[in-house]
Amino acid sequence: MTDLNSDFSLELTPDTLPMAFAQLQLAAPLARAVAEMGYESMTPIQAQAIPVVLQGRDVMGAAQTGTGKTAAFALPLLQRMLKHENASMSPARHPVRALVLLPTRELADQVAQAIKDYAKYTQLRSAVVFGGIDMKPQTLELKKGVEVLVATPGRLLDHIEAKNAVLNQVEYVVLDEADRMLDIGFLPDLQRILSYLPKQRTTLLFSATFSSEIKRLASSYLQDPVTIEVARSNAAASTVEQHFYSVEGDDKRHALHQILKSRQLKQAFVFVNSKLGCARLARSLEHEGLKTTALHGDKSQDERLKALESFKNGEVDLLVCTDVAARGLDIKDVPAVFNFDIPFNAEDYIHRIGRTGRAGALGLAVSFVARSDARLVADLEKLLKSKIELEAVEFDEDVPDIRKQGRINDGHRMYAQEVPDDTRRGHRSGSLRDVAREGQFARPERPSPRDYGRPAAAPRDPFFERPYEPAAAAEAAPSWEAAPGHHGARSISANIKSKRKVAALFQSA
Ligand code: AMP
């Protein structure tokens, strides 16, 4: 079979972006799959990474979530592996040639599904292995032979030790979401896995951020890598309109109701920092008439699937979730993301708002900033390399006092934070630095790294095999339209000015 890459070369200049997939001369089976998925133009990471990977170079890619980075590495790897494709039933003819490592089962499943889609007209086989479920079905699949193996590090090591996975013919390794893998503490596992691989290989490392740890990892395992940054490193998705509102305690729920309604949002993700806060908020919002479900790490896998399913099919309008539970979910076109709490880890902000405005769709990210969040916001400013301007929420007079309602319904106070009265209603935008000077920081604890990537036992997620269909949800009016006491709330758009309009994803960085 001919080497499809031998005479492939492509000059890329900013003027040539965005580039159509047709210009790439992908092999017919890959081009067909890509066309079926509706991709026409390459995203910036694809336009830059695909030619480099096709040339066999190592890559260090700074790519934020939702930029199309899966296709950026998967398509050229599949193209390079086509020379090995064969219809033989012998497992020996299907050794693992590409290994893709990811931090969580959800991400692994999602990436594996994308790879299956891209490879569906080829004879290359792919499989995914992750923890929390029975090893047997995974073992059977591995024993049959797969060319592309997508895995989380811990479970892969189990399979290596059980001699189910033989990695001595691996030619390509992808360390995806490398920063997350290090956060979780996977470095020793990664080092062990990499020690089993041939030295002669192509290694691709993708990370939302290039911390010093990531640079160290790259210098140990990558050879003369090409660095690709599609956007300023640590930049937030450029298709997301971002707002930061100064709002305290129970007023956050009030503000949430008002923004949902005035913006006529159909569905939204609401992020909170703790499992307990997540469950409480979901319960309160439900009591307040909003169709809500919670997604957090204490839920069983079955409950998590049900929560996601009900959001996807439009049975619920709000998905209240923690970072761990929502990490990497590729639910496209969620109209808005609310940061009910400012994340403890600034980088989580990027991941959270990556749920909206994905692959070209315009999204809205609203963050509620309490006075005690000053230091977290300062971290965020550092990461985003820009000053965050706080906006005030002007509450409508005819919107009932959610705080009272919540207390009656719940029998307890949520977010029991005592704050001076002047910050409660329609309070002014404040400088966080002023708050900092007043010494009102409350440094919250970081979530335990043990929380990450520890899925509960369950069968393969059918949820991830079906795309999100906002149409189902769009037909019915969202619950806030009918929520008791929220009729006729005036639009707040006059009071809330957009601070950041952002360019389309497909613009070159
Ligand atoms: P990823 O960042 O790889 O998780 O991709 C985010 C989403 O964008 C996925 O749903 C992809 O199917 C989609 N996507 C990737 N590349 C393109 C493209 N060139 N055009 C349109 N959608 C894309």
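Q: Which residue of E14 is the bridge partner of Phe244?
A: In this predicted model, Phe244 is bridged to Leu390 in E14.

Q: What makes strand E8 and E14 a pair?
A: Pairing takes at least two bridges. Strand E8 (residues 240-246) and E14 have three, in the parallel sense, so they count as paired.

Q: In what order do the strands of the sheet with E8 and E14 stand?
A: The order is E10-E11-E9-E12-E13-E8-E14, an open sheet of seven strands with parallel pairing.

Q: Why do strand E10 and strand E14 stand at the edges?
A: Strand E10 (292-295) and strand E14 (390-392) each have a single partner strand, so one side of each lacks a neighbour in the sheet. From one strand to its neighbour in this sheet, the average turn is 25°, direction ignored.

Q: Which helix packs on this sheet and touches E8, strand E9, strand E12 and strand E13?
A: Helix H10 (residues 251-262) touches E8, strand E9 (268-271), strand E12 (336-339) and strand E13 (363-369), and its direction makes about 160° with that of E13. Helix H11 (residues 275-287) lies across E9, E10 and strand E11 (318-321), at about 175° to E10.

Q: How do you know that E9 pairs with E11?
A: E9 and E11 share four bridges in the parallel sense, and the requirement is at least two. One position to look at is Phe269, which stands opposite Leu319 in E11.

Q: What joins E9 to E12?
A: Four bridges join E9 to E12, and the two run parallel. Val270 of E9 has Phe338 as its bridge partner in E12.

Q: Which way do Ala268, Val270, Phe269 and Phe271 point from E9, and are they buried or exposed?
A: Ala268 and Val270 point one way, Phe269 and Phe271 the other, and all are buried. To be called buried, a residue needs 20 or more other C-beta atoms within 10 Å of its own.

Q: How many strands form the open sheet that contains E5, and in what order?
A: Seven strands form that open sheet, in the order E3-E4-E2-E5-E6-E1-E7, with parallel pairing. Strand E3 (126-129) and strand E7 (226-229) are the edge strands, since each pairs on one side only. The average twist is 15° from one strand to the next.

Q: What makes E5 a partner of both E2 and E6?
A: Strand E5 (residues 172-175) has four bridges to strand E6 (residues 202-207), in the parallel sense. Strand E2 (residues 98-101) is joined to E5 by four bridges too, and these strands run parallel. The rule asks for at least two bridges, so four suffice.

Q: Which residues face Leu175 across these pairings?
A: Leu101 stands opposite Leu175, and in E6 the bridge partner of Leu175 is Leu205. Tyr172 stands opposite Thr202 in E6.

Q: Which residues of E5 point one way and which the other?
A: Tyr172 and Val174 point one way from E5, while Val173 and Leu175 point the other way; all are buried.

Q: Why is H2 called roughly parallel to H3?
A: Helix H2 (residues 44-54) and helix H3 (residues 69-81) pack at about 25°, with their axes 8 Å apart. Angles under 35 degrees count as roughly parallel, which makes H2 roughly parallel to H3. The crossing of H2 and H3 is right-handed.

Q: Which residues make the contact of H2 with H3?
A: From H2 they include Ile45, Ala49 and Val53, and from H3 they include Ala72, Phe73 and Leu77. By class, the residues of this contact are 11 nonpolar, two polar and two charged.

Q: Why is H6 called oblique to H8?
A: Helix H6 (residues 153-161) and helix H8 (residues 187-195) pack at about 40°, with their axes 9 Å apart. Roughly parallel requires an angle under 35 degrees, and roughly perpendicular one of 65 to 115. The angle meets neither condition, so H6 is oblique to H8. Their crossing is left-handed.

Q: Which residues of H6 and H8 meet?
A: Pro153, Gly154, Leu156 and Leu157 of H6 meet Asp189, Leu190, Arg192 and Ile193 of H8. Five of the residues in this contact are nonpolar, one is polar and two are charged.

Q: How many helices and strands does the protein have?
A: The protein has 19 helices and 14 strands. Of its 509 residues, 47% are buried.

Note on methods. Residues numbered from 1 in each chain as written. Predicted model: local features only at pLDDT ≥ 70, side-chain atom pairs only at ≥ 80, totals over all residues. Buried ≥ 20, exposed ≤ 12 C-beta atoms within 10 Å, placed from the backbone. Axes fitted to C-alpha atoms, helices over the stretch in contact; angles between N-to-C directions. Parallel < 35°, antiparallel > 145°, perpendicular 65-115°, else oblique. Left-handed = near helix turned anticlockwise from the far one by under 90°. Contact = placed C-beta atoms within 7 Å. Nonpolar A, V, L, I, M, F, W, Y, C, P; charged D, E, K, R; others polar.
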